[in-house]
Amino acid sequence: MDYMRILNEIKTKSDQEAKMLADAYGINLSVNEIRALRPLLDEISFHWLFTGIPESFLDKVKNAVGDKKGEELFRQYLDMI
């Protein structure tokens with residue numbers, strides 16, 4: 001799975017298209033959550049595959065979508081890699 005391609009598609013697609021893409025990958029996000037997460041996409045680094053995701057970024061994700069959904073997204077990410 002090409003994560004960078006998926007992230008770029010989510011950044012460039014309409015809200016509804018981004019939701020359909022997330023749904024296709026089993027990621028349950030509302031349009032409002034997608035809008036809240038989009039600004040964070042530019043902060044994502046390929047190096048995190050080796051170093052891990054910084055706690056400060058996880059906090060931003062949780063602020064955008066809530067603690068429960070933030071934890072769920074992180075678990076899904078770990079399952080994908």
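These numbered points walk through the predicted model shown above.

1. **Confidence.** Start with how far the model can be trusted. The chain has an average pLDDT of 87. A score of at least 70 is reached by 94% of the residues. The elements do not all score alike: helix α1, residues 3-12, has the lowest mean pLDDT, at 78. The highest mean, 94, belongs to α5. Keep one general caution in mind. Where pLDDT is low, predicted coordinates should not be read in detail.

2. **Helix α2 and its buried side.** Helix α2 covers residues 15-24. Which of its residues are buried? They are D15, A18, L21 and A22. These four cover an arc of only 125° around the axis, so they sit on the same side of α2. The general rule behind this is worth learning. An α-helix has 3.6 residues a turn, so residues three or four places apart point the same way.

3. **The other side of α2.** Now turn the helix around. M20 and A24 are exposed on the other side of α2. E17 also lies in this helix. E17 is partly exposed, because its relative accessible area of 39% falls between the 20% and 50% limits. Its C-alpha atom is 9.6 Å from that of V31. Along the chain, E17 and V31 are 14 residues apart.

4. **Just past α2.** Look at the residue G26. It comes just after α2 and takes a positive phi of about 75°.

5. **Salt bridges in total.** How many salt bridges does the count come to? The answer is 7. The general idea is simple. Side chains of opposite charge can pair when their charged atoms come close. The next points take up some of these contacts.

6. **E33 with K69.** These two residues form a salt bridge, and their closest N and O atoms are 3.1 Å apart. E33 belongs to helix α3 (residues 31-41) and K69 to helix α6 (residues 67-80), so the bridge ties together parts that are 36 residues apart in sequence. Are the partners buried or exposed? E33 is buried, with a relative accessible area of 15%. K69 is buried as well, at 13%.

7. **K69 and I44.** Stay with K69 for a moment. Its C-alpha atom is 18 Å from the C-alpha of I44. In sequence, K69 and I44 are 25 residues apart.

8. **K60 with E43.** Here the closest N and O atoms of the salt bridge are 2.8 Å apart. K60 sits in helix α5 (residues 55-65), while E43 is in the loop between α3 and α4 (48-51), so the pair ties together parts 17 residues apart in sequence. K60 is partly exposed, at 36% relative accessible area. E43 is partly exposed too, at 34%.

9. **E71 with K62.** This salt bridge has its closest N and O atoms 2.5 Å apart. The partners fall into two classes. E71 is partly exposed, with a relative accessible area of 31%. K62 is buried, with 18%.

10. **A salt-bridge network.** Which residues are linked in a network of salt bridges? They are D15, R35 and R38. D15 has appeared before: it is one of the buried residues of α2.

11. **Aromatic pairs.** The count comes to 2 aromatic pairs. One of them joins F46 and F50. Their ring centres are 5.7 Å apart. Why is the pair called edge-to-face? The ring planes meet at 75°, and an angle over 60 degrees puts the pair in that class, so edge-to-face is the right label.

12. **A nonpolar patch.** The two phenylalanines of that pair return here. F46, L49 and F50 make a nonpolar surface patch of about 350 Å². F46 is partly exposed, with a relative accessible area of 48%. F50, which lies in helix α4, is exposed at 64%. On the model, find F46 and F50 to see both features: the edge-to-face ring pair and part of the nonpolar patch.

Notes. Residues are numbered from 1 along each chain as its sequence is written. This is a predicted model: local features need pLDDT of at least 70, side-chain atom pairs count only at pLDDT 80 or more; totals for chains, interfaces and linings use all residues. Side-chain values use heavy atoms; hydrogens and water are left out. Rings of Phe, Tyr and Trp (its six-membered ring) pair if their centres lie within 6.5 Å; planes under 30 degrees apart count as stacked, over 60 as edge-to-face and the rest as tilted. Buried means under 20% relative accessible area, exposed over 50%, partly exposed in between (1.4 Å probe, protein chains only). A salt bridge is a side-chain nitrogen of Lys or Arg within 4 Å of a carboxyl oxygen of Asp or Glu. Helices (H or I, at least four residues) and strands (E, at least two) are DSSP runs, numbered from the N terminus. Patches are made of residues with over 30% relative accessible area and no salt bridge: like charges are joined within 9 Å, nonpolar side chains (Val, Leu, Ile, Met, Phe, Trp, Tyr) within 5 Å. Accessible areas come from the Shrake-Rupley method with a 1.4 Å probe; for residues, only the protein chains shown count as cover. The arc is that of the directions from the helix axis to the C-beta atoms. pLDDT is the predictor's confidence in each residue, from 0 to 100.
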